[in-house]
Structures are given as C-alpha cells and as structure tokens.
2 protein chains.
Amino acid sequence: MAWMDALNRYREHPERYVAHGDGDDDLPVLYFDSDAVVLRDMFPKATVHLLVIPRPAEITFRHPAVALTREVQDTIQLAIQWAKNYTFAQFVDQFPESLSSYDLQKFITEFVLVGVHSVPSMSNMHVHVISRDFHSPSLKHKKHYNSFNTAFFVPWDQLPLESPPDKTQAELTIKNTPLKCSYCRRDFRNKFKALKEHLDEEFHNHFNKS
Amino acid sequence: MAWMDALNRYREHPERYVAHGDGDDDLPVLYFDSDAVVLRDMFPKATVHLLVIPRPAEITFRHPAVALTREVQDTIQLAIQWAKNYTFAQFVDQFPESLSSYDLQKFITEFVLVGVHSVPSMSNMHVHVISRDFHSPSLKHKKHYNSFNTAFFVPWDQLPLESPPDKTQAELTIKNTPLKCSYCRRDFRNKFKALKEHLDEEFHNHFNKS
DNA sequence: TATTCCGATAGTGAC
DNA sequence: GTCACTATCGGAATGAG
Ligand SMILES: Nc1ncnc2c1ncn2[C@@H]1O[C@H](COP(=O)(O)O)[C@@H](O)[C@H]1O
Ligand SMILES: Nc1ncnc2c1ncn2[C@@H]1O[C@H](COP(=O)(O)O)[C@@H](O)[C@H]1O
Ligand SMILES: [Zn+2]
Ligand SMILES: [Zn+2]
C-alpha cells in the first residue's frame with residue numbers, strides 16, 4: 001500500500017526534497033541531519049505543522065509510542081528543537097504585532113504540541129510538531145481534530161509508553177470524545193462545523209497581520 | 001401541524017379536487033363516494049400509488065391498523081376495488097405489450113399492494129394502493145422503500161390488528177431490515193442507490209412501451 | 001488514527 | 001415513518017506499459 005510509505009522517501013533521501021525557501025516551491029524538507037529529517041506535513045492541520053522523521057532503518061517501522069525511548073529521543077532532539085524554533089519563527093514572521101507578548105519559551109510551551117499518534121497511519125515513524133491553532137483548510141473532520149486534542153495524542157514528554165496503545169480503545173477515544181476548543185475548552189460535542197467557525201474566530205482574535 | 005392534516009381537505013371536500021382527466025392538471029381525486037375518496041399520492045413511491053381515505057369524521061383520526069375492522073373495510077371496499085382496477089388500467093394503458101400476459105386478477109394479486117403503515121405520519125386514516133415496481137423519483141431513501149417492503153406494511157387482508165404496532169419496534173424494523181428487491185428478493189443490505197439502479201433495470205425488463 | 005469520493009445516516013425546520 | 005436542507009458519519013479505493 002504505497003500511500004502508507006509516502007514518508008519513506010524523505011527519510012532515505014531528504015536532500016532530494018529540500019525546500020528552496022523562495023516561497024513558491026512545494027518541496028517539504030526544511031532541515032535534516034544524519035539522525036532526523038524535518039519537513040512540512042503535506043496536509044497541515046494547523047498554521048504550522050511539521051513532521052520529524054528519525055532516519056535509521058532499524059527503527060522506522062517500530063511503533064513510535066514504545067520505540068521512542070529516551071536514547072532514541074536524544075538522537076533526534078536537535079531536529080525537534082529546530083522544528084519548535086521554526087514554528088515560533090514562522091509566527092513571528094507572519095504576526096509580528098501579535099507575537100510581541102510572547103518569548104520563544106512561552107510560545108513553545110503554551111502553543112506548540114510535540115508528540116505522536118496512538119495509532120499512526122503512515123508506516124515510517126514520525127513525530128508531529130504542530131501549532132495549537134488548528135486553523136487550516138486541511139483540518140476536515142473530527143478525527144483530524146481529536147487526534148491532536150485527546151489522549152490519542154501522546155506528548156513527547158510522556159514517551160516512551162510501556163506498550164503500544166490498544167487500537168480499538170484509541171478509535172473509541174477519537175470517535176466519542178466531544179470536540180473542545182483548544183483555546184477556551186468550550187464544548188462543541190460533535191458539531192465540527194461550529195468548532196471550525198469558532199477556531200476561525202479564536203485565530204483572528206489572537207493573531208492578525210496589521 | 002398543518003402538514004399532518006393535508007389529506008383532510010380531500011376527505012371533506014373531494015368534489016373540489018377532482019382530476020379533469022386531461023393529463024395536465026394536478027388535481028388528485030380520481031373517485032369518491034359517500035364512504036371513501038381515492039386520490040393520487042402526491043409523492044408516489046411507485047408508478048401507480050393511490051390513497052383510499054375513509055370519509056367518516058368519527059374514525060378518521062383512529063389508528064388504521066385497529067380501526068379498519070371488517071365492518072369498516074366493507075364500507076370502503078368499492079373504493080379499494082376501484083383503485084386496484086385503476087392501477088391495472090394504468091399499466092395496460094402505458095405498457096400494453098408487456099401486460100398482455102396478465103389478466104386483471106393475476107396482475108392485482110401479484111403486483112398491487114394494499115394496506116397501511118404500522119405508524120402513519122398523516123393524521124387522516126388512509127390505505128395505500130401501490131404497484132410493486134417502486135420505480136419513482138419520489139422514492140428517495142430506505143425508509144420509503146422499507147415502509148412497503150417489511151412488516152412495517154400491514155396488508156389489507158391482515159386487518160384489523162388487535163393493538164396498534166409499537167412505534168419503536170416499527171422504527172427498528174424500517175432501519176435494520178436489509179433492502180431486498182421486490183421482484184427477485186436480491187439483498188442490497190443498506191445500499192439504497194444500488195437498489196434504485198436495480199429496480200430501474202427490473203422495471204425496464206418487465207415493462208416497456210414499444 | 002493517510003486522502004478523496006461517494007453515499008448512508010441523522011437532525012432541523014416547515015406557519 | 002410528509003419533504004427538503006445541511007451536516008455528520010461511514011465504507012472503498014488508492015497502483016497501473
Ligand atoms: N505524502 C505525504 N507527505 C507528507 N505528509 C503526509 C503525506 N501523506 C500524509 N501526510 C501526513 O502524515 C501524517 C501522518 O499522521 P499519522 O500517521 O496519523 O501520525 C498526517 O498528518 C498527514 O497529513
Ligand atoms: N399533501 C399531500 N397530498 C397527498 N398525499 C400526500 C401529501 N403529503 C404526503 N402525502 C403522502 O401521504 C402518504 C402518507 O403516508 P403514511 O402516513 O406513512 O401512511 C405518503 O405516501 C405521502 O407521500
Ligand atoms: Zn474557544
Ligand atoms: Zn431484482
């Protein structure tokens with residue numbers, strides 16, 4: 001199933017996919033070293049949504065929730081930090097006025113999520129680094145949103161888990177947890193459209209270019 | 001709720017709504033006497049779909065499954081028979097070649113359903129007389145189809161029942177019974193669109209104007 | 001808990 | 001199980017000398 005393996009090319013040959021930085025290319029790789037690759041998620045679920053892919057073939061197909069031991073985490077820590085800094089830089093660039101009240105640490109702590117999905121779909125191990133606005137046209141349904149806003153999302157600091165999460169239980173968590181605004185926790189039950197409109201309001205209240 | 005009472009005008013004043021028979025009027029009443037009115041269903045679920053409405057005010061709001069006693073049935077029997085004959089005549093008129101293998105009795109027995117819904121929505125008591133092709137643009141979802149093709153439909157010959165059917169049970173029957181072709185019993189599970197396409201094929205295999 | 005397309009299911013409003 | 005509109009939920013395909 002080829003779509004599952006779409007991330008592998010970036011792991012094996014990141015140098016072939018390096019973004020030019022001229023703004024109108026669609027090459028995704030932003031950073032790489034011998035241990036990890038940082039790239040733009042092709043279907044970003046927020047204003048900034050990056051993937052950090054560990055490169056070693058021996059671990060790429062293991063479950064991230066158990067394979068991301070402290071030792072493995074250490075090997076990609078530089079890439080993770082690069083991604084977090086990049087996220088902040090993107091917001092500073094796009095919304096300089098709104099970001100004046102944040103410093104790097106405060107912004108990252110309060111507004112950047114780092115972690116993995118309980119049940120990934122893509123075969124190659126990857127870590128999500130994503131801004132918590134969830135303001136994006138690619139965020140299209142409840143599963144997208146709840147995969148980052150429920151226990152389905154396993155934060156970096158809680159890794160590794162002792163055993164891989166149960167798939168059925170994880171599915172129920174996604175399906176049955178009511179949608180809650182990531183800013184104010186307001187409960188939208190299963191009203192995804194209403195949540196989207198509210199997230200749009202929240203975003204424009206928090207960030208603007210003027 | 002006015003929509004529930006839409007049939008009442010035909011019960012009270014059938015003479016105001018008599019079809020001209022010139023083909024391009026939308027007046028629905030085809031026959032009436034002092035006991036009953038026969039009219040075209042406004043949203044026909046098959047090629048011919050008629051309603052027979054008993055006229056007495058004393059029984060019009062009672063549940064048809066229990067109020068259509070043998071005595072009441074007798075009073076509208078003429079109208080019922082008129083509707084069955086009309087259904088046959090319509091098919092003979094539209095598909096003379098295809099109908100040559102049928103006589104009136106065979107056609108009515110095999111291809112005309114007469115009965116009531118376990119849980120009617122329209123307030124005024126009415127009996128459905130409908131051809132079993134279910135080939136109509138107004139047949140738009142599973143509920144429409146299963147309301148004539150499951151135990152939700154109570155045939156004329158089984159009336160009256162001892163007590164009104166349980167609403168919840170009737171709803172489950174509609175929802176959970178798989179869709180089966182009324183001609184060949186083929187099972188379409190919950191695939192309504194596929195059933196529609198198959199019914200279209202069946203119809204054109206059984207009936208054509210050439 | 002990949003995307004996309006399509007269709008089935010469900011809630012609402014109707015004066 | 002009135003209709004018509006919207007939105008949510010759900011399965012299937014996704015490849016291709
Ligand atoms: N071809 C692709 N290139 C880059 N990212 C992708 C591609 N296909 C899917 N994705 C993203 O990969 C992520 C996989 O998430 P998951 O497997 O659930 O942890 C999702 O956020 C997708 O948007
Ligand atoms: N205004 C109307 N005039 C004639 N028939 C109608 C009207 N509104 C609904 N119907 C039909 O009345 C029938 C009522 O079905 P039921 O109450 O389920 O037995 C349905 O077949 C509708 O298509
Ligand atoms: Zn909010
Ligand atoms: Zn069939």
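**View 1. The largest share of the surface near DNA strand C comes from helix α5(A).** This helix gives five residues, where a residue counts as near a molecule or strand if one of its heavy atoms lies within 4 Å of it. Helices and strands here are DSSP runs, numbered from the N terminus, with at least four residues for a helix (H or I) and at least two for a strand (E). Please keep in mind that this is a predicted model, in which local features need pLDDT of at least 70 and side-chain atom pairs count only at pLDDT 80 or more, while totals for chains, interfaces and linings use all residues. Residues are numbered from 1 along each chain as its sequence is written, chains are lettered from A and ligands numbered from 1 in the order in which they are written, and side-chain values use heavy atoms, with hydrogens and water left out.

**View 2. Residues of both chains come close to DNA strand C.** Of the 23 residues around this strand, V119(A), K143(A), H144(A), E171(A) and K193(B) come nearest. Sugar and phosphate make up 69% of the atoms of DNA strand C that come within 4 Å of the protein. Look next for the polar contacts, which are pairs of N or O atoms within 3.5 Å; within protein, one must be able to donate a hydrogen and the other to accept it, and residues adjacent in sequence count only if both atoms are side-chain atoms. The side chain of K45(A) has an N or O atom 3.0 Å from a phosphate oxygen of DNA strand C. For S147(A), an N or O atom of the side chain is 3.3 Å from a phosphate oxygen, whereas the side chain of S121(A) has an N or O atom 3.1 Å from a sugar or linking oxygen. The elements giving two or more residues to this surface are α5 (142–149) and α6 (167–176) of chain A, together with α7 (192–206) of chain B. By class, the surface near DNA strand C divides into eight nonpolar, five polar and 10 charged residues. Nonpolar here covers Ala, Val, Leu, Ile, Met, Phe, Trp, Tyr, Cys and Pro, charged covers Asp, Glu, Lys and Arg, and the others, Gly among them, are polar.

**View 3. DNA strand D is also surrounded by residues from both chains.** There are 20 residues around this strand, and K193(A), K140(B), K143(B), H144(B) and E171(B) come nearest. Sugar and phosphate account for 60% of the atoms of DNA strand D that come within 4 Å of the protein. A polar side-chain atom of K140(B) lies 2.7 Å from a phosphate oxygen. The side chain of S147(B) places an N or O atom 2.9 Å from a phosphate oxygen of DNA strand D, and for the side chain of K45(B) the distance is 3.3 Å. Helix α5(B) gives the most to this surface, with four residues.

**View 4. Ligand 1 sits among residues of chain A, including D41(A) and H117(A).** In total, 14 residues surround ligand 1, and S121(A), H126(A) and H128(A) are also among the closest. A nitrogen atom of the ligand lies 3.3 Å from a backbone N or O atom of M42(A). One of its oxygen atoms is 2.7 Å from a polar backbone atom of S121(A). The protein covers 86% of the 510 Å² of accessible area that ligand 1 has on its own, as found by the Shrake-Rupley method with a 1.4 Å probe; for residues, only the protein chains shown count as cover.

**View 5. H117(A) lies in strand β4 (residues 112–117) of chain A.** This residue is buried, with a relative accessible area of 13%; buried means under 20%, exposed over 50% and partly exposed in between (1.4 Å probe, protein chains only). The side chain of H117(A) reaches the backbone oxygen of S147(A) at 3.2 Å. Leaving aside neighbours within four places in sequence, H117(A) has contacts (heavy atoms within 4.5 Å) that include H63(A), H128(A) and F148(A).

**View 6. Strand β5 (residues 127–131) of chain A is largely enclosed by the rest of the structure, because five of its five residues are buried.** V127(A), V129(A) and S131(A) point one way from the strand, and H128(A) and I130(A) the other. Two strands pair if DSSP finds at least two bridges between them. Strand β3 (residues 49–54) of chain A pairs with β5(A) in the antiparallel sense over four bridges, with L50(A) as the bridge partner of V129(A). Four bridges also join β4(A) to β5(A), which run antiparallel, and V114(A) stands opposite V129(A).
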